[in-house]
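Hi everyone, thanks for coming. I'd like to walk you through a structure that is new to most of us, so let's put it on the screen.

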Amino acid sequence: MDTIPYTFEEREDTGLYNAKFGIWLFLASEVMLFGALFSAYILMRVGAVYWPVGSETLNVPLGAINTVVLITSSVTMLLSWAALKQNNFGKFRLMLGLTILCALAFMCIKSVEYSAKFSHGIFPKENTYYAIYFTLTGLHALHIVGGIIVLVYLWGPGAKMWKTNPIQFTNRLEVVGLYWHFVDLVWIFLFPVLYLL
Amino acid sequence: MSDSHPKLPFWKKYIFSTDHKVIGIQYGITALVFLLFGFGLMMLMRWQLAYPEQPLPLPDILLKLFGDDHTRLPGGIMLPEFYNELGAMHGTIMIFLGVVPLAVGAFGNFVVPLQIGAPDMAFPRLNMASYWLYFVGGCIMLFSFFLPGGAANSGWTAYPPLSVIATQGQTVWLFGMAFLIQSSLLGSINIIVTIFQLRVKGLTFMRLPFFVWAQLITSFLLLLAFPPLLGAAVLQIMDRLAHTSFFIPSGLLVSGQELVEYSGGGSVLLWQHLFWFLAHPEVYVLTLPGMGIVAEIIANNTRKPLWGYKSMVYSVIFLGFMSFIVWAHHMYITGMGTAISSFFQATTMIISIPSIIILTALFISFWGGSIRFNTPMLFAITFLPMFGIGGLTGLPLGIAITDVHLHDTYYVIGHFHYVVAPGTIFALFAGIYFWFPKATGRKMNEFLGHLHFWPSLICMNIIFFPMLVQGLAGVSRRLYDGGIGYEHGQEIFALNELISWGAWFLAIGQIPFIINFFWSMFAGKKVESDNPWNATTLEWQTPTPPPHGNFTKEMVVYRGPYEYSVPGAKDDFTPQSEEHIR
């Protein structure tokens, strides 16, 4: 497989290496996935006789904290990539570790919110409002979990590649970072739409 | 280049291979098997339509295959539930497991890297994952036949609320679809990145073979149109398993009973919008690769450049964009309103223009050519009028007022089968005959090829043309007795028998192909050069069959894809990698 061009280096006319091109296309498909579900949300809401106000049904402070947590994780994600670019492996480990901690914190807070609803006997089938709330946030949480798995791999066993092939390792981190920023961005849309509007 | 690769064990070379050519062939053979299987389901249905209430004339051992005597075929007579199961799975298998994997998975994988001079796809391991996701998705679909209540039986469109309250085969169908969607996602990312990143030096976009363009646009459609179906599938899974009410409206009564476990408040139209947002671009996913194959073969066998290559390229790009804003022409009679209908009617009429430009350009390409009528060319030529009938019969369906009469009749079935069966599938056959020598080093037999082509052409028309007539007479496509119970079905009921015999003879007509395919693989006539068709594109500059890594020397492209019969040249073809005209 070493014969495939542009695996590590950028192609001049596109300015991208293969994996970076690939992840952008993947994110485009993700935009369509979440776009479809946001459209479903709009259609449900427009067609509903009564639609609960998010701020009265959901825990806005917890949602706001989660927003801050995720934005912080995006910043540390970027810093960990910058650290690799500056050849500072120690700082990379620290920053990526912080990113993983933020992601775990997000999941903890999310599960507190979920279990609060479940303990009140509120499940997705309650009404279409809760159905779309649980579906959208659940799918987003699945994306976070997927991200955590990859981040942990790059922090732990995957980091060995830094010694053998630092350029590809930095590329990997960049690609995962792009995905992570996207997951963050989805939440930045989800929070106002579900919690505030 | 091939020497630098160590010898791989059998399972790594042929089963879990990362070589795009092996994966392409895996895709191709799996898809052909699924096509045959899906066709088999239809042959069973055709018995019921031609001879309703009569027992299937199959030996007992075969009847036993369909499970307990009373659940599907009591006394050999087909129950409506079984008929619905066959119908839903025929559509699903033909589209998602047959034609698309063959057109994109097999031909896209095998031919695209060769035509752009690449050593492999950009992501070989993702490519392997894509095939195995497809394989698992297919197995899940097949497995669902063995569930209590059978496989999905709500049509390939899976319209709610029926699909939400259907038997558990539907849940398995949704999970199977999720696998297939992921598979096509990985595949389409791979093809797009490969085309953009791995083109060799000198191969500019306007020098790409039209087939590569078709695959590029197709991959963009798969990339962007499939995720909304995944979203819709997630919602339907939620409805079925968590009893949410995305697609269950308030006050829905089923057999006079209210559904107590559902809160209501959902919208059945939501599914239709999300589904057709995928499924209309999907129509172009089914047809564009076929057009690409046909363009290659026509240029090669008319021995002259394609007429209007650039306008074909611009048309295919425009077609790709437009295909995202025509989906609701499948929904004129849902009551979504005349204003919306008018919009989608206008876009539908507009989208027919680029298709007609491509078809016209291909027709004009024949002008003044010295045409070679070999088997691939026969299939490719036939694609044009067959696809033409399919396309033109689509216009009355795209106009809201005529669609009111034709919607959900056999006319619709006739229309889209003309597009896909004698259209795309013929193009795919053409592609198999055309690239077979590159993959195996042997040509397929011409006589058996003719024996395959002529019965297929005749039977296809015997099957699908009467359907247009039935549909105009108003026969609904959903009747499991083929219209005998209908007052206005009486006059055209006899046509059902003709259609059914056409379908069974079509099956017999495929036998020469199957024999040809396997016989030629081992005993076909060996090709004398790497370029047996005297073609210009890069895939014929590799050794035959191409080794791992494809090309033995660095490729550079100096000219357009179809420089046939260049004035002053000694040969009637000048390959793209030829620096000077000889």
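Before anything else, one definition: helices, of at least four residues, and strands, of at least two, are DSSP runs, and they are numbered from the N terminus. So when I say that P545(B) sits in the segment after β4 of chain B, residues 525-526, you'll know how β4 got its number.

Please keep in mind that this is a predicted model. Its scores are ipTM 0.95 and pTM 0.95. For chain B, the mean pLDDT is 93, with 99% of the residues at 70 or more. As a general reminder, coordinates should not be read in detail where pLDDT is low.

Let's take the chains in turn, beginning with chain A. What is its secondary structure made of? Chain A has seven helices and zero strands, so reading from the N terminus its elements go α-α-α-α-α-α-α. Its C-alpha atoms fill a box of roughly 60 × 35 × 25 Å along the principal axes.

There is a nice link inside this chain. E174(A) and K20(A) form a salt bridge through their side chains, with N to O at 2.9 Å. E174(A) belongs to helix α7, residues 166-196, and K20(A) to helix α1, so the pair ties together distant parts of chain A, 154 residues apart. Over all chains, the count of salt bridges is ten.

Now over to chain B. Here we have 18 helices and four strands. How compact is chain B? Its radius of gyration is 24 Å, and the globule rule gives 25 Å for 582 residues, so chain B is as compact as a globular protein of that length. The box around its C-alpha atoms is roughly 80 × 55 × 45 Å, again along the principal axes.

Chain B also has some backbone details to look for. P160(B) and P161(B) are joined by a cis peptide bond, with omega about 0°. You'll find P161(B) in the loop between α5 (124-143) and α6 (162-165) of chain B. Another cis peptide bond joins T544(B) to P545(B), with omega about -15°; that is the P545(B) I placed after β4 a moment ago. Then there is R303(B), which is not a glycine and yet has a positive phi of about 55°. R303(B) lies in the loop between α9 (268-302) and α10 (309-322) of chain B.

Finally, let's put the chains together. How many residues does each chain bring to the contact? Chain A brings 33 and chain B brings 40. In general, the size of an interface is often given as the accessible area lost when the parts come together. Here the area buried between chain A and chain B is about 3,100 Å², and carbon and sulfur atoms give 76% of it.

What about charges across the interface? The rule finds one salt bridge between chain A and chain B. D13(A) pairs with R199(B), their closest N and O atoms being 3.7 Å apart. There are also five residue pairs in polar contact across the interface, with both residues at pLDDT 80 or more.

Which helices of chain A supply at least two residues each to the side that touches chain B? They are α1 (18-47) and α5 (128-155), and α1(A) gives the most, with 15 residues. By class, that side of chain A holds 21 nonpolar, eight polar and four charged residues.

That's my tour, and I'm happy to take questions.

How values were computed: Residues are numbered from 1 along each chain as its sequence is written. Chains are lettered from A and ligands numbered from 1 in the order in which they are written. Side-chain values use heavy atoms; hydrogens and water are left out. Contact means heavy atoms within 4.5 Å. Buried area is the accessible area (1.4 Å probe) that two parts lose on being put together, summed over both. A salt bridge is a side-chain nitrogen of Lys or Arg within 4 Å of a carboxyl oxygen of Asp or Glu. A polar contact is a pair of N or O atoms within 3.5 Å; within protein, one must be able to donate a hydrogen and the other to accept it, and residues adjacent in sequence count only if both atoms are side-chain atoms. Ala, Val, Leu, Ile, Met, Phe, Trp, Tyr, Cys and Pro count as nonpolar, Asp, Glu, Lys and Arg as charged, and the others, Gly among them, as polar. pLDDT is the predictor's confidence in each residue, from 0 to 100. The radius of gyration is taken over C-alpha atoms; the globule rule is 2.2 Å times the number of residues to the power 0.38.
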